[in-house]
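Biologist: I would like a close look at a single part of this protein, set carefully in the context of the whole chain. Please take your time over the answer.

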Amino acid sequence: MHKPVVAIVDDDPDVLASLVELLESAGFTACSFTSGEALLSSGLKGVDVLITDIGMPGADGFELRDLARRENPQLPVFLITGRHEIADQDRARGIGGFLRKPFDGHALLAAVRDALGERKG
């Protein structure tokens with residue numbers, strides 16, 4: 001059986017490590033990247049879900065979401081941020097998933113499972 005692949009992009013190594021551990025403990029394959037550019041150079045082929053921080057040097061989470069959706073319009077993308085003011089901006093509306101740090105791990109896992117179910121259903 002195929003284990004869904006979740007790509008995680010965050011410039012904070014502690015956040016990356018905790019998300020990888022959380023997702024792998026729930027049965028997902030997790031691939032971590034410290035920048036949007038690193039993910040894009042690796043490619044999105046085989047990625048089932050993308051979780052990306054918004055505030056990063058280089059391509060931010062919004063840009064990465066837009067680039068990923070151009071390549072794969074059906075790709076579920078979850079944006080995460082510790083900057084609470086971003087949640088009120090127009091750019092954050094209409095997103096499949098938006099989570100403020102710190103977020104509940106169980107809520108993230110449920111959202112990822114729901115997104116995969118909707119896409120495959």
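How many helices and how many strands are there in the protein chain, and, once that is settled, what surrounds strand S3 on its two faces?

Modeller: This is a predicted model, and what follows should be read with that in mind. The protein chain holds 4 helices and 5 strands, and from the N terminus on these elements follow one another as β-α-β-α-β-α-β-β-α. The chain has 121 residues, of which 44% count as buried. Among contacts between residues at least 6 apart in sequence, 64% join residues at least 24 apart.

The setting of S3 is an open sheet of 5 strands, arranged in the order S2-S1-S3-S4-S5 with parallel pairing. Its edges are strand S2 (29-33) and strand S5 (97-100), each of which pairs on one side only. From one strand to the next, the twist averages 20 degrees. In the order of the sheet, S3 stands between S1 and S4, and both of these connections can be followed through their bridges.

On the one hand, S1 and S3 run parallel and are joined by 4 bridges, with Thr-52 of S3 as the bridge partner of Val-9. On the other hand, S3 and S4 also run parallel and are joined by 4 bridges, and here Ile-51 stands opposite Phe-78 in S4. The path of the chain from S3 to S4 includes helix H3 (residues 61-71), and the three elements make a right-handed β-α-β unit.

As for burial, 5 of the 5 residues of S3 are buried, so the strand is largely enclosed by the rest of the structure. In a regular strand, the side chains alternate between the two faces of the sheet. For S3, Val-49, Ile-51 and Asp-53 lie on one side, Leu-50 and Thr-52 lie on the other, and all of them are buried, which leaves both faces covered.

Part of this enclosure can be described through the largest nonpolar core, a set of 19 residues in which Val-6, Ile-8, Leu-23, Phe-28, Val-49, Ile-51 and Val-112 touch the most other members. The elements that give two or more residues to this core are strand S1 (5-9), helix H1 (13-25), strand S3 (49-53), strand S4 (77-81) and helix H4 (105-120). A second, separate core has 15 residues, including Phe-33, Val-47, Ile-54 and Val-77. Returning to the residues named for the largest core, Val-112 touches Val-49 and Ile-51 as well as Val-6, Phe-28 and Phe-78, when residues up to four places away in sequence are not counted.

Asp-53, which also belongs to strand S3, deserves separate attention. Its relative accessible area is 4%, so it counts as buried, the limit for that class being under 20%. Leaving aside neighbours within four places in sequence, Asp-53 is in contact with Val-9, Asp-10, Asp-11, Gly-61, Ile-80, Thr-81 and Lys-101. A search of the whole structure finds 1 salt bridge, and that pair is Arg-65 with Asp-66, whose closest N and O atoms are 3.1 Å apart. Within this pair, Arg-65 is buried at a relative accessible area of 10%, whereas Asp-66 is partly exposed at 34% relative accessibility.

Beyond the two strands that flank S3, the sheet continues on either side. S1 pairs with S2 in the parallel sense over 5 bridges, and in S2 the bridge partner of Val-6 is Ala-30. The chain passes from S1 through H1 to S2, and this β-α-β crossover is right-handed. Helix H1 includes Pro-13, which is exposed, with a relative accessible area of 56%. The C-alpha atoms of Pro-13 and Thr-34 are separated by 7.4 Å, although these residues are 21 apart along the chain. Towards the other edge, S4 and S5 pair in the parallel sense over 4 bridges, and Phe-78 stands opposite Gly-97 in S5.

To draw the answer together, S3 is joined to S1 by 4 bridges and to S4 by 4 bridges, while buried residues of S3 lie on both of its faces.

Key. Residues numbered from 1 in each chain as written. Predicted model: local features only at pLDDT ≥ 70, side-chain atom pairs only at ≥ 80, totals over all residues. Heavy atoms only, no water. Salt bridge = Lys/Arg side-chain N within 4 Å of Asp/Glu carboxyl O. Buried < 20%, exposed > 50% of the residue type's maximum accessible area, 1.4 Å probe, protein only. Core = buried A, V, L, I, M, F, W, Y, C linked by side-chain atoms within 4.5 Å. Contact = heavy atoms within 4.5 Å. Pairing = 2+ DSSP bridges. Axes fitted to C-alpha atoms, helices over the stretch in contact; angles between N-to-C directions. Right-handed = clockwise from strand over helix to strand, strands pointing away.
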